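This report covers two topics: the ligand site and the contact between domains. Please keep the structure open while reading.

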Amino acid sequence: MAASGHIELRSVTKRFDQTLAVDDISLTIPHGSYCCLLGPSGCGKTTILRMIAGHETPTAGDIRIGGESVVGLPPVRRGTAMMFQNYALFPHLTVLDNVAFNLKVRGVGKAERHRRAREVLAQVQLDQFADRMPAQLSGGQQQRVALSRALITEPRVLLLDEPLSALDEFLRLQMRGELRRIQRELGITFVHVTHTQLEAIAVADAVVVMEEGRIEQAASAHEIYTLPATAYVARFMGGQNVLAGTVIAVNGGAVTLVDGTGARFATPVTSTAPAKGQEIFCCIRRDRIKVEKLRAPLSSVGEATNVLAGTVHAIEYQGSYVKVTIDVPGREQFVGNLPDHAFLTAPLDIGDAVVARWATEDVHLLTGDSTRTATGVRPLPLEAQRDGVRSR
Ligand code: ATP
């Protein structure tokens with residue numbers, strides 16, 4: 001158990017004077033998993049990372065690694081290592097000495113620390129650069145040196161603070177694949193902080209979406225993207241249209257709702273059905289929408305379910321699909337991502353009157369922040385216990 005990188009946050013709160021940076025968070029990250037903390041600037045993700053590393057102390061709550069509380073332990077005694085976005089390499093030391101540095105401060109002899117440094121440099125294919133100075137390396141190579149330097153102490157947990165943000169798009173894609181490969185190879189726990197949605201879902205086993213110091217949802221990358229728990233997560237992750245309305249009928253596995261404009265939507269329900277009169281939120285993936293030119297007068301669309309009429313506001317080619325943004329009177333813009341072949345068969349123009357349609361089975365009922373939005377009350381803690389990562 002001593003080497004286990006199983007992390008548990010138990011009701012952790014962190015205040016900085018008047019700022020509540022982390023608000024009573026509980027989260028379990030199993031040993032050997034790749035977890036991304038994702039959220040907008042200021043949501044508290046770096047503070048969580050720094051508390052796990054030992055650079056900040058929780059105001060309340062406990063942090064356990066491998067089953068033991070680490071609160072109060074200095075960073076070097078936690079079995080964690082941290083990699084920063086600005087690399088923080090020593091400019092006057094060679095690559096080899098930069099990587100060996102953490103062993104030097106632990107009193108490991110020169111021959112042994114150089115041998116180990118060469119080993120970890122080989123892991124990131126940088127062994128041929130051992131004698132160079134950091135300034136003689138590209139940004140991507142410096143990044144790998146920073147990674148080697150963190151890994152040389154054989155941590156049970158690697159903490160990565162926006163590790164890819166200084167790289168250009170091409171290197172970022174390459175490096176995130178590399179991080180994933182190394183995490184799998186080493187089998188240790190990675191906790192990676194990012195504000196980039198696609199980065200999180202590309203690398204992580206589990207994604208923790210945060211907002212204002214709290215966890216909105218913790219689940220697998222696939223679930224976060226396709227089955228967001230709340231309207232906040234659906235909007236933040238993108239790729240979804242969020243619908244809201246009042247329940248007017250509940251029958252079997254589906255409920256019908258009507259919004260302020262009179263539009264009717266239906267959504268399947270898998271667990272507890274909402275009650276008639278309740279305000280609910282649901283979402284529909286952009287790539288499940290069909291958009292066609294309006295052939296009949298707008299009024300004929302009136303009573304139909306899962307249909308919205310509007311005007312094409314923007315058309316953007318995205319390669320394999322075409323993003324069509326529609327202005328719908330009285331509600332937020334609606335977006336359909338149409339397969340390129342479907343769009344080319346029946347092209348649309350900006351200003352065209354169109355209808356968007358979708359199937360009830362593609363609609364997903366949202367929970368949680370419907371309560372907060374309707375009444376200003378925070379949602380009950382999520383009971384996310386999926387794919388290993390748990391939160392509340
Ligand atoms: P970013 O993506 O911008 O780094 P973040 O989600 O990592 O944001 P944190 O750095 O964890 O956010 O900050 C959370 C909140 O705590 C912010 O309001 C921030 O201003 C505040 N905060 C963080 N560190 C300190 C500090 N040392 N003193 C005072 N307030 C702080």
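A polar contact here is a pair of N or O atoms within 3.5 Å. The model is predicted. By that cut-off, Ser41 is in polar contact with the ligand, because a side-chain N or O atom of Ser41 is 2.5 Å from a ligand oxygen. Lys45 and Thr47 also place polar side-chain atoms by ligand oxygens, at 2.7 Å for Lys45 and 2.5 Å for Thr47.

| Residue | Distance from a polar side-chain atom to a ligand oxygen |
|---|---|
| Ser41 | 2.5 Å |
| Lys45 | 2.7 Å |
| Thr47 | 2.5 Å |

The residues around the ligand include Phe16, Thr19, Ala21 and Pro40. Gly42, Cys43, Gly44 and Thr46 are also among them.

Now the domains. Domain 1 spans 7-227 and 373-391, and domain 2 spans 231-365. Their C-alpha centres are 38 Å apart. The contact draws 16 residues from domain 1 and 10 residues from domain 2.

How much area do domain 1 and domain 2 bury between them? The value is about 1200 Å², with 70% of it on carbon and sulfur atoms. On the domain 1 side, Gln197, Tyr225 and Thr226 lose the most area to domain 2. Together they make up 40% of what that side buries.

Zero salt bridges are found across this interface. Two residue pairs are in polar contact there, both at pLDDT 80 or more. Helix 6 (197-203), strand 9 (206-211), strand 10 (214-220) and helix 7 (221-226) each give two or more residues to the domain 1 side. That side holds eight nonpolar, six polar and two charged residues.

Conventions
Residues are numbered from 1 along each chain as its sequence is written. Side-chain values use heavy atoms; hydrogens and water are left out. Domain bounds come from an automatic or database domain assignment. Contact means heavy atoms within 4.5 Å. Buried area is the accessible area (1.4 Å probe) that two parts lose on being put together, summed over both. A salt bridge is a side-chain nitrogen of Lys or Arg within 4 Å of a carboxyl oxygen of Asp or Glu. A polar contact is a pair of N or O atoms within 3.5 Å; within protein, one must be able to donate a hydrogen and the other to accept it, and residues adjacent in sequence count only if both atoms are side-chain atoms. Helices (H or I, at least four residues) and strands (E, at least two) are DSSP runs, numbered from the N terminus. Ala, Val, Leu, Ile, Met, Phe, Trp, Tyr, Cys and Pro count as nonpolar, Asp, Glu, Lys and Arg as charged, and the others, Gly among them, as polar. A residue is near a molecule or strand if one of its heavy atoms lies within 4 Å of it.
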